[in-house]
Amino acid sequence: MSKETQKILTTDGIPLEESLKKAEKKNKIKAFLLVAPLLLYLLITYIFPIGDMFLRSVDDKMVTRMLPKTFIAMEKWDGRELPPEEVFEAFYLDYKILVKEKSFGKLATQLNYEKNGFKSILKKLARKQKKFKEGNYKEQIMKVHKRWANVEYWRAIKRRAPNYTYSKYLKGIDMYENEDGKIVQVDETRRVHKKLWLRTLEIAFFVTLFCFLMAYPIAHLLATLPMKYSNLLMICVLLPFWTSLLVRTASWMILLQQQGIVNDFFVWIGLFADDNRPEMMYNKTGTYVAMTQILLPFMVLPLYSVMKTISPSLMRAGKSLGGTPFVAFWKVYFPLTIPGIGAGCLLVFILAIGYYITPALVGGASGTLISNQIAYHMKSSLDWSFASAMGLMLLAGVLAIYWVYNKLVGVDNIKLG
Amino acid sequence: MSKNNAFVRFDKVDKSYDGKLLVVKDLNLDIAEGEFITMLGPSGSGKTTCLMMLAGFETPTNGEIYLDSNPISNIPPHKRGIGMVFQNYALFPHMTVFENLAFPLKVRKMTKDDIDKKVDKALSMVSLSGFENRMPGQLSGGQQQRVAVARALVFDPSVVLMDEPLGALDKNLRESMQYEIKHIHESIGVTVVYVTHDQSEALTMSNRIAVFNDGKVQQLSSPDKLYEEPVNSFVAEFIGENNRFDGEVLEVSNGVCKVKIGQGEMLANPISVKSKGEKTTVSIRPERALINPKNKMDNNQKGRIEEVIYHGDHTRVRINLLGNSDFILKVPNSSQNLDIKLGNEINIGWNSQDARALDPK
């Protein structure tokens, strides 16, 4: 039988499929119009900024624009020996304009990212170049400072020629492209970011674990207590949730500082001597304590919503069939709570991995996370492209975790409420 | 093997949840081995609490429960070896039918072969062979119910408790499941304690029925006795249909008492009245009173027909009798030539033996 003959027609002779499409078209348009504002909002506030962030993180046009002649002249240079006279001349002409526009400082900053030591020799060159005579710029420039005669500095300039670069991403994992074009690790003393990534993962993992260990019994109690007690407990869980994040973090600072309440208590019960109070803030301990408390409701709520749906007769059935309370819990109750555990852990982990304000306030040097580093580059060092690159790496990391998680647990098994 | 007549024994059991109200009051109940006993009663009468105490999920406030002569109050539920079928089946939703049935066997550390054999046997008993790999969510209500029964029986418990297991099923399925459970009980001879508030279910299935009300067993007897010979007015009202007359005893003699009802009088069987002047409620089953009886009966009254309701196999006639306008008579459709018409005055007769003078209500 051919497909044509199988087609069902309406009484008017129009194919049923077509007729159905027509009938649903109006509803589809209506539905789309209802979502349109949200779509637009997401596009403006989420998709565009991320796209912009990505462009910024790979954009390297600034130096290219500042030294146009130099880079044209450099095209023929193989980079082994010192560049020929034309390159020096082109560089002199480019730089002259920059000095005139008083924007040579920016170039110095950019080149200094590439190789240390550019700032001082560029400043010196800015002063000396006023007296330069025409011709033989190579000699004149090399005379300004001996570093100008060092081929590595010229190579560093050449490396900034392309419009786009992935060097920021390499920097984010403590790597760089060396003079020979190989990707290598930076000096051991300067490897800060890798350590931060690992610490971020570690703190996020342990915060998730602590949250899980504490939230599971609370959620169980909430789900099984009679209404009047469970409401009260629920308020106890939610009250901190409703309090401002800053207020909560600040109160942890009051509690945890060396002359704080917790330390006073430890001294009072004789756990520590008065002159030997432990440091619980401005280090990892502070970050753990404060973040666990702040993220706890995100674990309790999904767990609670799942546990609420588990009939108490299931545990009873498990026991009446001969399972010890532990077996009944482990084989019957626990597997049924996995969707809640999945949702809670994912939520807490993803929130923790990008956490910023709490580690910034109570974390000190050893308790800060990658987001603090991103903030530093946004606000202090003003290396926005590097901040964007790290932000995107963080986003990619979260997506990767979600993917792995989906493979392990399955997103369908997650229940957020 | 001699049958143990007190295989399960409630001995002076009290239960209170809040220390103010007794949910179960001084319960004494012996259940014989292999018996099918039903706890029947309205909701809140304490029957489920008794079941939960037997299963071990509640502890008696006072008194002791014995299983095969051993006190079990201090034995946790998982060591009692009592099978239980729950109201909403309580199948483990994340396990297949096979895993559900294998659960009690696995925790008893049986070998894989034994488990396979026993699960097979239990599933064929409830005619669900071939459903091993289904999840409970893929089964219909009746099938889930059967899996629950099979799971409660698969580990050969000596006692099986069933807590309103058929409550969620529709009427037809419920009736067929009643027979199925009854047949399973007969074929394997396990002791069953069954809780329900549905009297027809209790009458169909049980060897004996314990009627609960207000935390107490009102009557414990076989279904026929319960219906024919209720010992108090609660049981008479609760089981089957009942015609009720409130009155006062005029005299008691030779196993018959005369009761004054409104303006009239009737002869009744003194069950719980002893002397003149007592208040009483007389109970007569609708099918025990006849219209124009051929044989002589010691009670004869005239009544006026108030309503005639056709019921297929029988007709129900509502009659105003002795001032009680709710007196119901059941007339089989085969009995012709009776003059049943609205407003007619007819003659009604019944034996004093069937008019049971019970406690006043």
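**Strands, helices and a chain contact, with reasons**

Me: What makes strand β16 (residues 299–310) of chain B and strand β17 (residues 314–321) of chain B a pair?

Reply: This is a predicted model, and in it β16(B) and β17(B) are joined in the antiparallel sense over 6 bridges. Pairing takes at least two bridges, so 6 bridges make them a pair. One of those partnerships sets B:Ile309 against B:Arg316 in β17(B). The two strands form a hairpin with 3 residues between them, and B:Gly312 in that turn has a positive phi of about 85°.

Me: What does β17(B) pair with next, and in which sense?

Reply: Strand β18 (residues 324–332) of chain B runs antiparallel to β17(B), with 7 bridges between them. Given the cut-off of at least two bridges, 7 therefore counts as pairing. Opposite B:His314 you'll find B:Pro332 of β18(B). This is a hairpin too, with 2 residues between the strands, and B:Leu322 has a positive phi near 50°.

Me: Which strands close up into a barrel in chain B?

Reply: Five of them do: β11-β12-β13-β20-β14 make a closed barrel with mixed pairing. Neighbouring strands there are turned by 55° against each other on average, ignoring direction.

Me: How do you know that β11 and β12 of chain B pair in that barrel?

Reply: Count the bridges: β11 (residues 243–253) and β12 (residues 256–261) of chain B share 5, in the antiparallel sense. The cut-off is at least two, so the two strands pair. B:Ser253 has B:Val256 of β12(B) as its bridge partner.

Me: What makes β6 and β10 of chain B edge strands?

Reply: They belong to an open sheet of 6 strands, β6-β7-β8-β3-β9-β10 of chain B, with mixed pairing. β6 (82–85) and β10 (216–221) each pair on one side only, and that puts them at the edges. From one strand to the next, the twist averages 20°. As for β6(B), 4 bridges tie it to strand β7 (residues 159–163) of chain B, and this time the strands run parallel. B:Gly83 has B:Val160 as its bridge partner in β7(B).

Me: Over in chain A, why is α12(A) called oblique to α15(A)?

Reply: Their axes cross at roughly 125° and come within 9 Å, with α12 spanning residues 227–242 and α15 residues 284–308 of chain A. That angle makes the two helices oblique, because 125° is outside 65 to 115 and is neither under 35 nor over 145. The crossing is left-handed.

Me: Which residues make that contact, and how do they divide by class?

Reply: From α12(A) it's A:Val237, A:Leu238, A:Pro240 and A:Phe241, and from α15(A) it's A:Gln293, A:Pro297 and A:Val300. They split into 6 nonpolar, 1 polar and no charged. Gln isn't listed as nonpolar or charged, so A:Gln293 is the polar one.

Me: How many residues of chain A touch chain B, and which element gives the most?

Reply: 15 residues of chain A are in contact with 18 of chain B. On the chain A side, α16 (312–320) and α17 (325–353) are the elements giving two or more residues, and α16(A) gives the most, with 6. By class, that side has 7 nonpolar, 6 polar and 2 charged residues.

Me: And where do the domains of chain A lie?

Reply: The domain assignment gives domain 1 (3–58), domain 2 (61–161) and domain 3 (193–413). The C-alpha centres of domains 1 and 2 of chain A are 55 Å apart.

Terms used:
Residues are numbered from 1 along each chain as its sequence is written. Chains are lettered from A and ligands numbered from 1 in the order in which they are written. This is a predicted model: local features need pLDDT of at least 70, side-chain atom pairs count only at pLDDT 80 or more; totals for chains, interfaces and linings use all residues. Axes are lines fitted to C-alpha atoms, for helices over the stretch in contact, and angles run from 0 to 180 degrees between N-to-C directions. Domain bounds come from an automatic or database domain assignment. A crossing is left-handed if the near helix is turned anticlockwise from the far one by less than a right angle, and right-handed if clockwise. Two residues are in contact if their C-beta atoms, placed from the backbone, lie within 7 Å.
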